[in-house]
Amino acid sequence: MRAAVLHETGQDKLEVLDDVEAVGFGPGKVRVRVRATGLCHSDLSAMNGVLPQPAPFVPGHEGAGEVTEVGEGVTHVKPGDRVVVCWLPACGACPSCKRGQTELCLAGFMNAGTPNFKRPGGDVFGFAGTGTFAEEVVVAAGCAVPIPDDVPFDIAALIGCGVTTGLGAALNTADVQAGSSVAVIGCGGVGISAIQGARLKGAAEIVAVDPVASRREAALAFGATKAVSPDELADARQSVTAGEGFDYVFEVVGRSATARTAYDQTRRGGTLVVVGAGAMDDFLQLNMFELFFDEKRILPSMYGGGDVLSSYERTIALWRAGRIDLEGLITHRVPLAGINEALDQMRSGTALRTCIEI
Ligand SMILES: [Zn+2]
Ligand SMILES: [Zn+2]
């Protein structure tokens, strides 16, 4: 079958090959025919080495498709079912799962060193244990989350990562209060989802911050009340909050420099929500005086910061009711053969989400 493979970490192009096989099927596993997958910024971060990932590998962790085969003991899905591929499955038994914080379950990472694919030349890994830039994946049962048939594959794919992450940051982690002021730094698919979440919660002011003009325009269409470039943020803080700083600032980039800016733009006693996925050698510096004296809350948000399955269900309910726009997030569509075009669109900042139709 066909899959897009990164041969070595640091390369910037994928090769679409037709000699790849999804491996590992057996008890407790599910085989999925992938129909749509989104390109998430974390895929680029795994390719360039910011996020740890053994190579060669098939990127892609935001996918949806149809179940074609289930292994022994799998009862929650059957062939023909429509599923979201969840890269962070909940085991249901660990302390985090029992607390309802399934986003902290590490069970899915236990197999991180196990290849998901093979080629005549050798083993190939799947990013984050999935690897959805492929026609077919074999995943642990918990990674195949059934969804209703009225959710199109392209929309379902977005729920697999970006939308869950951004919406959850606003709804679960920050629990944005009605009437508050919000700034969102970084307005790709995840940032726009955080904006939609803040709007749903009734934020009075939502300032979108992004260097790319088309993303600022999109942010306004999705509910931001103001959209500025990074060098206009100080002025926006002055006009929106009378200089005090924002009640909530979302960092959706994953760099210490933007996290520091986000901290500085948060009002005393306000909340900085760290959503971006950054590198292990990139350190955020805070001094011990400001840390206690300004009483700013720093809340990291991993995959939406809440129970993953109920987050999916909530997103589908909000989408069905027309309360969030998911179709509008898909600004580009390419077939798997056009994957490198999709990577360029992501790097240039012209895409909110590119849907890769497989
Ligand atoms: Zn668990
Ligand atoms: Zn992602």
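A residue counts as buried when its relative accessible area is under 20%, as exposed when that area is over 50%, and as partly exposed in between. Keep those cut-offs in mind for this predicted model.

Start with Glu-62. Its relative accessible area is 0%, so Glu-62 is buried. Glu-62 forms a salt bridge with Arg-353, and the closest N and O atoms of the pair are 2.9 Å apart. Glu-62 sits in the loop between S5 and strand S6 (63–70), while Arg-353 belongs to strand S19, so this salt bridge ties together parts that lie 291 residues apart in sequence. What is the accessibility of Arg-353? Its value is 4%, so Arg-353 is buried as well. The whole structure holds 17 salt bridges, and the Glu-62 to Arg-353 pair is one of them.

Now follow Arg-353 into its strand. S19 covers residues 353–357 and runs parallel to strand S18, residues 330–335. The two strands are joined by 5 bridges. In one bridge pair, His-332 is matched with Thr-354 of S19. Between these strands the chain passes through helix H11 (residues 339–348), and the resulting β-α-β crossover is right-handed. In general, strands of a sheet pair through backbone hydrogen bonds, in either a parallel or an antiparallel sense.

Helix H11 also touches S19 through side chains. Gln-345 is a residue of H11. The side chain of Gln-345 makes a polar contact of 3.0 Å with the side chain of Thr-354. Is Gln-345 buried or exposed? Its relative accessible area is 13%, which puts Gln-345 among the buried residues. Thr-354 therefore appears twice in this account, as the bridge partner of His-332 and as the side-chain contact of Gln-345.

H11 carries a salt bridge of its own. Asp-344 and Arg-347 meet through their side chains, at 3.4 Å from N to O. The two residues are 3 apart in H11, which means about one helical turn separates them. Asp-344 has a relative accessible area of 39% and is partly exposed. Arg-347, at 41%, is partly exposed too.

Helix H8 (residues 256–265) offers a similar case. Arg-260 and Asp-264 both lie in this helix, 4 residues apart, or about one turn. Their salt bridge brings the closest N and O atoms to 2.6 Å. Arg-260 is partly exposed at 23%, and Asp-264 is partly exposed at 32%. Elsewhere, salt bridges link three residues into a network: Arg-31, Glu-69 and Glu-136.

Turn next to a sheet. Four strands form an open sheet in the order S3-S8-S9-S5, and their pairing is mixed. Why do S3 and S5 have one side left without a neighbour in the sheet? Strand S3 (21–22) and strand S5 (57–58) stand at the edges, and each has a single partner strand, so one side of each stays unpaired in the sheet. Inside the order, S8 pairs with strand S9 (residues 122–126) in the antiparallel sense, over 3 bridges. Phe-117 has Val-124 of S9 as its bridge partner.

The chain just before S8 contributes to the surface. Met-110 lies in the loop between helix H2 (95–98) and strand S8 (117–119). At 65% relative accessibility, Met-110 is exposed. Together with Leu-106 and Phe-109, Met-110 makes a nonpolar surface patch of about 340 Å².

Finally, check the backbone. Most residues other than glycine have a negative phi, and most peptide bonds are trans. Three places here depart from that pattern. The peptide bond from Ala-55 to Pro-56 is cis, with omega near -5°. Pro-56 belongs to the loop between helix H1 (41–47) and S5. Asp-175 has a positive phi, near 50°. Its place is the loop between helix H4 (162–174) and strand S12 (181–185), and at 34% relative accessibility Asp-175 is partly exposed. Glu-295 also has a positive phi, near 45°. Glu-295 lies in the loop between helix H9 (288–293) and strand S17 (297–300). Its relative accessibility is 59%, so Glu-295 counts as exposed.

Key: Residues numbered from 1 in each chain as written. Chains lettered and ligands numbered in written order. Predicted model: local features only at pLDDT ≥ 70, side-chain atom pairs only at ≥ 80, totals over all residues. Heavy atoms only, no water. Pairing = 2+ DSSP bridges. Right-handed = clockwise from strand over helix to strand, strands pointing away. Patch = residues over 30% accessible without salt bridge, like charges linked within 9 Å, V, L, I, M, F, W, Y side chains within 5 Å. Areas by Shrake-Rupley, 256 points an atom, 1.4 Å probe, with all protein chains shown as cover. Salt bridge = Lys/Arg side-chain N within 4 Å of Asp/Glu carboxyl O. Buried < 20%, exposed > 50% of the residue type's maximum accessible area, 1.4 Å probe, protein only. Polar contact = N/O pair within 3.5 Å; in protein donor to acceptor, adjacent residues only side chain to side chain.
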